[in-house]
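Here is a brisk report on one chain. Look over the sequence and the fold, then read on.

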Amino acid sequence: MQNGDSPYVVLGLDELATPEEVSKAYKKLALKWHPDKNQNKDEKTREYAAKMFALVAEANTILSDEKARAAYEALVKAKQAQKARADKLGAAAKQARVDLEAREQEASRQKTANAEAQLRREIARLRAETAFRLEEERMRAEMQAEIAREQQLLQQQQEQQRQSKGVAPDGTVDYGLEDYETAVLERLRLVQRQKEMRAHT
């Protein structure tokens, strides 16, 4: 996380927390620090609440996804191993092992950088998947609305033809709308194909 806080600490959990415990802790803290709930507080409190809300959201993003959580734990282990190696260096052995330590530190830094990069990729993947789902839902809603409008127009035009011909709406007379309905259905299919093409571009 950006300020170095552990997502487990932010959510008040231990490292063995289950996905259900993660979700429960996130919902509780997100409600507590939500900007809307703190909008009537003083400026300092609002700023702190906004900061905590962002930290809680990021912690949940990491711990609620299996791959992101594994990437974070790999990063923690890499940092712990790096610190442990540094702590083992004694004053007497430091000069003799300076070259070896430099190589080990470089390897450790690289491992840490790789773990951080993996964590960033996992978080980016989660954000991209969320954005894609939202866009997909938006397009589906637009398509449904378009189909509903076309169906409503068709019903209105059918009713107008019934009234103009003086035909009762009990279905006893052939209204002669087969060609028109075929044209409308073809238009609906065309609208759907256009929506699908836009979704892939």
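## Leu63 and the nonpolar core

Beyond its neighbours within four places in sequence, Leu63 is in contact with Pro7, Tyr8, Leu11, Val22 and Arg69. Contact means heavy atoms within 4.5 Å.

A word on the source: this is a predicted model, in which local features need pLDDT of at least 70, side-chain atom pairs count only at pLDDT 80 or more, and totals for chains, interfaces and linings use all residues. Residues are numbered from 1 along each chain as its sequence is written, and side-chain values use heavy atoms, with hydrogens and water left out.

Leu63 also belongs to the largest nonpolar core, which has 22 residues. Leu11, Trp33, Val56, Ile62, Leu63 and Leu119 touch the most other members. Helices α1 (7-11), α2 (19-33), α3 (43-63), α4 and α6 each supply at least two residues of this core. Helix α3 gives the most, with seven residues. A nonpolar core here is a set of buried Ala, Val, Leu, Ile, Met, Phe, Trp, Tyr and Cys residues joined through side-chain atoms within 4.5 Å. Buried means under 20% relative accessible area, exposed over 50%, and partly exposed in between (1.4 Å probe, protein chains only). In soluble globular proteins, nonpolar side chains tend to be buried together.

## The chain as a whole

The chain has seven helices and zero strands. From the N terminus, its elements run α-α-α-α-α-α-α. Helices (H or I, at least four residues) and strands (E, at least two) are DSSP runs, numbered from the N terminus.

Of the 201 residues, 26% count as buried. The accessible surface comes to about 14,600 Å², and 53% of it belongs to carbon and sulfur atoms. These areas come from the Shrake-Rupley method with a 1.4 Å probe; for residues, only the protein chains shown count as cover. Among contacts with a separation of 6 or more, 61% join residues 24 or more positions apart.

## Helix α4

How far apart are the end C-alpha atoms of helix α4? They are 33 Å apart. This agrees with the 33 Å that its 23 residues (66-88) should span at 1.5 Å a residue. The expected span is 1.5 Å times one less than the number of residues.

At the start of α4, a side-chain oxygen of Asp65 reaches to within 3.1 Å of the backbone nitrogen of Lys67. The buried residues of α4 are Ala68, Arg69, Ala71, Tyr72, Leu75 and Ala78. Of these, Arg69 is in contact with Leu63, while Leu75 and Ala78 touch Thr112.

## Helix α6

Thr112 is found in helix α6 (residues 98-165). Thr112 is buried, with a relative accessible area of 8%. Leaving out residues up to four places away in sequence, Thr112 touches Leu75, Ala78, Lys79 and Gln82.

Glu136 also has its place in helix α6. Glu136 is partly exposed, at a relative accessible area of 37%. Glu136 and Ala199 are 63 residues apart in sequence, yet 7.8 Å apart in space, C-alpha to C-alpha.

## Salt bridges

A salt bridge is a side-chain nitrogen of Lys or Arg within 4 Å of a carboxyl oxygen of Asp or Glu. By this rule the count comes to eight. Side chains of opposite charge can pair when their charged atoms come close. Three pairs are set out below.

| Pair | Closest N to O distance |
|---|---|
| Arg109 and Glu106 | 3.0 Å |
| Arg138 and Glu142 | 2.3 Å |
| Glu146 and Arg149 | 2.5 Å |

Why are Arg109 and Glu106 separated by about one helical turn? They are three residues apart in helix α6. Glu146 and Arg149 are likewise three residues apart in α6, and so about one helical turn apart. Arg138 and Glu142 are four residues apart in α6, again about one turn.

What of their exposure? Arg109 is partly exposed at 43%, and Glu106 is partly exposed at 41%. Arg138 is partly exposed at 38%, and Glu142 is partly exposed at 31%. Glu146 counts as buried at 17% relative accessibility, whereas its partner Arg149 is partly exposed at 47%.

Asp65, Glu122, Arg125 and Glu129 are linked in a network of salt bridges. Asp65 thus appears again, having met the backbone nitrogen of Lys67 at the start of α4.

Terms used: A polar contact is a pair of N or O atoms within 3.5 Å; within protein, one must be able to donate a hydrogen and the other to accept it, and residues adjacent in sequence count only if both atoms are side-chain atoms.
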